[in-house]
Amino acid sequence: ITAQSALLEREAQESSTTDEELAGRRAANGSSERGGAASTPDYGEKKLPQALIIGVKKGGTRALLEAIRVHPDVRAVGVEPHFFDRNYEKGLEWYRNVMPKTLDGQVTMEKTPSYFVTNEAPKRIHAMAKDIKLIVVVRNPVTRAISDYTQTLSKKPEIPTFEVLAFKNRTLGLIDASWSAIRIGIYALHLENWLQYFPLSQILFVSGERLIVDPAGEMAKVQDFLGLKRVVTEKHFYFNKTKGFPCLKKPEDSSAPRCLGKSKGRTHPRIDPDVIHRLQKFYKPFNMMFYQMTGQDFQWEREEGDK
């Protein structure tokens, strides 16, 4: 698990986004939109998004966003707006203003991974656009939890060990499902909330593991789901042996390849194998339920059995 999670580790810093950051990013977007062959010139209009990457934290949402932004018919916000969880009271006009300008036929997108676990988000998003397309990047919940902890540890080195936080009672093996690092991985529980408002046909589930080993294959599904031509293909990726995951390259020009920043590929702390085993047992029924709900087998148990 530790070796695999080190390879999988590449999620963005899930920091809160301030108005100043958003304003700065909007200014930056304005200047970048004016240059570059593939970028949209500074005209068009700001629209509410037609697609959202709603989760999950530490699943691979940043990698997916960076890859889909290569598509000329996609315009996306780089910073997480956190509109439907933290900034909702600011209203839809504020939200629209955060978006980049688009031309007819282009898809406006944003990603905020905490939406998937926010109780109010499905209802609020449905009120804005009931036909919106939703993308969820999921990943083995055990590796996701360790990755989540690793990110927090890098910011707060004084926090207790993973083992201490994961259990209510270590002797009895009682997992603490109230700890967010554990709770986020109970995907079936969160999905139930979304299915009250949206049909499965409007939700695409992307495998965080396959995004690493076959980024072009997963991106083909994403582009089909969004109704786009398959522009982002094998030629856009190369595997970075140092980082342990694919990086984007731009074959049309000579600019340097884009790899995710230093917050990706962090080495995970060593976790007691017994703790990992107990977590696998804890998640298994929820994973099975999630497979049934989505009609997709993500093979997380098989992956664990291989180790």
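How many residues of H3 are buried? Eight of its eight residues are, which makes H3 a mostly covered helix. The buried residues run through Thr61, Arg62, Ala63, Leu64, Leu65, Glu66, Ala67 and Ile68. Keep in mind while you look around that this is a predicted model.

## The big picture

Let's step back from H3 for a moment. The protein has 307 residues, and buried ones make up 52% of them. Its secondary structure comes to 13 helices and eleven strands. If you take the contacts between residues at least 6 apart in sequence, 74% of them join residues at least 24 apart. On the outside, the protein exposes about 13900 Å², with carbon and sulfur atoms supplying 53% of that area.

## Two nonpolar cores

The largest nonpolar core holds 35 residues, and the ones that touch the most other members are Tyr95, Ile125, Trp194 and Phe290. Several elements give two or more residues to this core: strands S2 (51-55), S6 (133-138) and S9 (203-207), along with helices H4 (91-98), H5 (121-128), H9 (187-195) and H12 (273-294). H9 gives the most, with four residues.

Trp194 is a good place to zoom in. Leaving out residues up to four places away in sequence, Trp194 touches Ile54, Tyr115, Phe116, Ala121, Pro122, Ile125, Leu134 and Ile203.

There is also a second, separate core, this one of 24 residues. Leu64, Met109, Ile135 and Phe225 are among its members. Two of those names turn up in helix lists here: Leu64 is one of the buried residues of H3, and Phe225 is one of the buried residues of H11.

## Helices worth a look

Helix H11 (residues 215-225) has eight buried residues out of eleven, so it is largely enclosed by the rest of the structure. Those buried residues are Pro215, Ala216, Glu218, Met219, Ala220, Val222, Gln223 and Phe225. Just after H11 you'll find Gly227, which takes a positive phi of about 75 degrees.

Next, try helix H6 (residues 141-155) against H12: the two pack at an angle of about 125 degrees, with their axes 9 Å apart. How do H6 and H12 lie to each other, oblique or parallel? Angles over 115 degrees but not over 145 fall in the oblique class, so H6 and H12 are oblique to each other. From the H6 side, Pro141, Val142, Ala145 and Ile146 come into play, and they meet Ile276, Leu279, Gln280, Tyr283 and Asn287 in H12.

## The loop between S2 and H3

Now back to the stretch leading into H3. Gly55 and Val56 are joined by a cis peptide bond, with omega about -5 degrees, and Val56 sits in the loop between S2 and H3. Lys58 is in that loop too, ahead of helix H3 (61-68). Phi of Lys58 is near 60 degrees, a positive value in a residue other than glycine. Gly60 also has its place in the loop between S2 and H3.

UniProt lists Lys58 under "active site", in an unreviewed entry. The unreviewed entry also places a "binding site" feature at a set of residues including Lys58, Gly59, Gly60, Thr61 and Arg62. Further along the chain, that same feature covers Arg139, Ser147, Lys264, Gly265, Arg266, Thr267 and His268.

## Some residues side by side

Here is how covered a few of the residues are.

| Residue | Relative accessible area | Class |
|---|---|---|
| Lys58 | 0% | buried |
| Gly60 | 0% | buried |
| His82 | 2% | buried |
| His190 | 7% | buried |
| His126 | 28% | partly exposed |

Why does His126 count as partly exposed? Its relative accessibility is 28%, and the partly exposed class runs between 20% and 50%.

The three histidines sit in various places. His82 is in the loop between strand S3 (74-76) and H4, and has a positive phi of about 50 degrees although it is not a glycine. His190 lies in helix H9 and touches Phe116, Val117, Arg183 and Ile184, not counting residues up to four places away in sequence.

His126 belongs to helix H5. Beyond its neighbours within four places in sequence, His126 is in contact with Tyr197 and Phe198. The C-alpha atoms of His126 and Phe198 are separated by 7.6 Å, with the two residues 72 apart along the chain.

Conventions: Residues numbered from 1 in each chain as written. Predicted model: local features only at pLDDT ≥ 70, side-chain atom pairs only at ≥ 80, totals over all residues. Heavy atoms only, no water. Core = buried A, V, L, I, M, F, W, Y, C linked by side-chain atoms within 4.5 Å. Buried < 20%, exposed > 50% of the residue type's maximum accessible area, 1.4 Å probe, protein only. Contact = heavy atoms within 4.5 Å. UniProt positions renumbered as here; feature names shortened; annotations may be inferred. Areas by Shrake-Rupley, 256 points an atom, 1.4 Å probe, with all protein chains shown as cover. Axes fitted to C-alpha atoms, helices over the stretch in contact; angles between N-to-C directions. Parallel < 35°, antiparallel > 145°, perpendicular 65-115°, else oblique.
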